[in-house]
Amino acid sequence: MVLIRDEFSTKRKNEMYHPTTRVLTVLELLQAHRQMSGPRLAERLEVDVRSVRRYITMLQDLGIPIEAERGRYGNYRLMRGFKLPPLMLTEDEALALTLGLLAAKRLGLTMAAPAVEGALAKIDRVLPEALRDRVQAVQETLVLDSISTESYRSSPESTVVLTLSIATQQEKRIWMRYQSGQAAETERAVDPYGLIFHAGFWYTVAYCHLRQDLRTFRLDRVLQAELLEETFIRPPGFNSLDQLRRSIASMPGTWKVEVLLEMTLEEAERQVPPTMAMLERVQDGVVMSCFTQDLSWMAHFLVNLRCPLIVREPAELHEALHILAKEIIQLAERSEEESTPHRAAQAPTQYTST
């Protein structure tokens, strides 16, 4: 069980906890401190002493051996020698936690960096060796791209993600059964050079022995993946993210975007993820260049920058901004008086018995 080692900050007086969370927190506090008084526990949990007694009773009913001293200021303690079982995680849970922590780190939560590293270390410590190696491979090989602005659009099997991570880390060949966007299934051996999360999808960039060329594969379309004994050598200096971008740029329906942002380069670098677009300082500001398959999303992104800008290309992005502007104006002009008749029209009809 992960121990609570630091004092809860007194600045968090307004934080609310679910009752179950409070009960579990009592258990972790007693595990960390061996014994604590009722008033001290009440202060830490931001509840009254009576609630603490109720939580203690709930834990005792669950078979946790907690001893209590009589009196208003009596202490509670775990019976000597009692140890909580270690934290047990399934493969999916370990992967989910690791990805969540890596995403927090990628989002630039610098104040949380020590906590992220500490949590990753704890996960590594409690995992079985085989699973630990697979999760560490994800940490070392995964490139998270544009996660601050895109949501998850596909859900590959965790075994596929872990297997591809191991193969990328150890430079081992993969046999896989793959389904194309047209639902055609093929079997092939590939040498995975990189694992990337980009724009809501998981990808691997790999040398495909079936096509004898570099290919990009979406992991949610990988039906089966097996690690082979054959090894490969990744090309020196190979950048899997750059290769993915070139691959996406050549896809039908992909738009090349170039926008002049009237802000400083320092401001642009704070707001535009470095893996999303290229930024170039010019006389009038900063030129942002990238590719997208969703002009509506790009319009929302540009508006959220909250700066004057000029769209250089594509012309269709102007229309996407016009559509977004109309939607915003419609929202701004709405009132409760206008929406009330609509809600009344949607209300169920009342019938009177005869």
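## Aromatic pairs, cores and charges

The structure, which is a predicted model, holds six aromatic pairs. A pair of aromatic rings is described by the distance of the centres and the angle of the planes. For Tyr 178 and Phe 217 the ring centres are 5.0 Å apart and the planes stand at 80°, so this pair is edge-to-face, the angle being over the 60 degrees that this class requires. Because Tyr 178 belongs to strand 5 (residues 172–179) and Phe 217 to strand 8 (residues 213–218), the pair ties together parts that are 39 residues apart in sequence. Both partners are shielded from solvent under the cut-off of 20% relative accessible area: Tyr 178 counts as buried at 7% relative accessibility, and Phe 217 counts as buried at 3%.

A further pair is made by Tyr 193 and Phe 232, whose ring centres lie 5.7 Å apart with their planes at 50°, so that this pair is tilted. Tyr 193 sits in strand 6, whereas Phe 232 sits in the loop between strand 9 (222–231) and helix 8 (240–249), so this pair, too, ties together parts that are 39 residues apart in sequence. Tyr 193 and Phe 232 are both buried, and ring pairs join these two residues with Phe 238 into a cluster.

Strand 6, which spans residues 185–198, also carries Arg 188. Which side chain of opposite charge is nearest to this buried arginine? The nearest is that of Glu 187, at 9.7 Å, and Arg 188 has no salt bridge although it is buried. A salt bridge would need a side-chain nitrogen within 4 Å of a carboxyl oxygen. What the Arg 188 side chain does have is a polar contact of 2.7 Å with the side chain of Thr 186. Once residues up to four places away in sequence are set aside, Arg 188 touches Ile 174, Trp 175, Met 176, Cys 208, Leu 210, Arg 211 and Phe 217; of these, Phe 217 has already appeared as the ring partner of Tyr 178.

Met 176, one of the residues touched by Arg 188, leads on to the nonpolar interior. In soluble globular proteins, nonpolar side chains tend to be buried together. The largest nonpolar core here has 31 residues, and the members that touch the most other members are Leu 142, Met 176 and Leu 219. Leu 142, with its neighbours within four places in sequence left aside, is in contact with Leu 99, Leu 102, Leu 195, Ile 196, Phe 197 and Trp 202. Apart from this core lies another, of 24 residues, which includes Met 276, Met 298, Leu 302 and Ala 320.

The charged residues can be considered next. Side chains of opposite charge can pair when their charged atoms come close. The structure has 11 salt bridges, among them the one in which the side chains of Arg 40 and Glu 43 meet at 3.2 Å, N to O. Arg 40 and Glu 43 both lie in helix 2 (residues 38–45), where they are three residues apart, about one turn of the helix. Arg 40 counts as partly exposed at 28% relative accessibility, and Glu 43 likewise counts as partly exposed at 43%.

Asp 213 forms a salt bridge with Arg 215, with 3.5 Å between the closest N and O atoms. Here Asp 213 is partly exposed at 39% relative accessibility, and Arg 215 is partly exposed at 34%. In a further salt bridge, Arg 281 pairs with Glu 266, the closest N and O atoms being 3.3 Å apart. This pair links distant parts of the chain, since Arg 281 is in strand 11 (residues 278–282) and Glu 266 in helix 9 (residues 265–271), 15 residues apart. Arg 281 counts as exposed at 52% relative accessibility, whereas Glu 266 is partly exposed, with a relative accessible area of 42%.

Salt bridges also link Lys 256, Glu 258, Arg 312 and Glu 313 in a network. Is Glu 258, a member of this network, buried or exposed? Its relative accessibility is 18%, so Glu 258 counts as buried. Glu 258 is located in strand 10 (residues 255–261), and, not counting residues up to four places away in sequence, Glu 258 touches Val 287, Met 288, Ser 289, Ile 310, Val 311, Arg 312 and Glu 313. Two buried charged residues can thus be set side by side: Arg 188 has no salt bridge, while Glu 258 takes part in a network of salt bridges.

Notes:
Residues numbered from 1 in each chain as written. Predicted model: local features only at pLDDT ≥ 70, side-chain atom pairs only at ≥ 80, totals over all residues. Heavy atoms only, no water. Helix = DSSP H or I, 4+ residues; strand = E, 2+ residues; numbered from the N terminus. Buried < 20%, exposed > 50% of the residue type's maximum accessible area, 1.4 Å probe, protein only. Lys, Arg positive; Asp, Glu negative; His and termini not counted. Polar contact = N/O pair within 3.5 Å; in protein donor to acceptor, adjacent residues only side chain to side chain. Contact = heavy atoms within 4.5 Å. Core = buried A, V, L, I, M, F, W, Y, C linked by side-chain atoms within 4.5 Å. Phe/Tyr/Trp six-rings, centres within 6.5 Å; stacked < 30°, edge-to-face > 60°.
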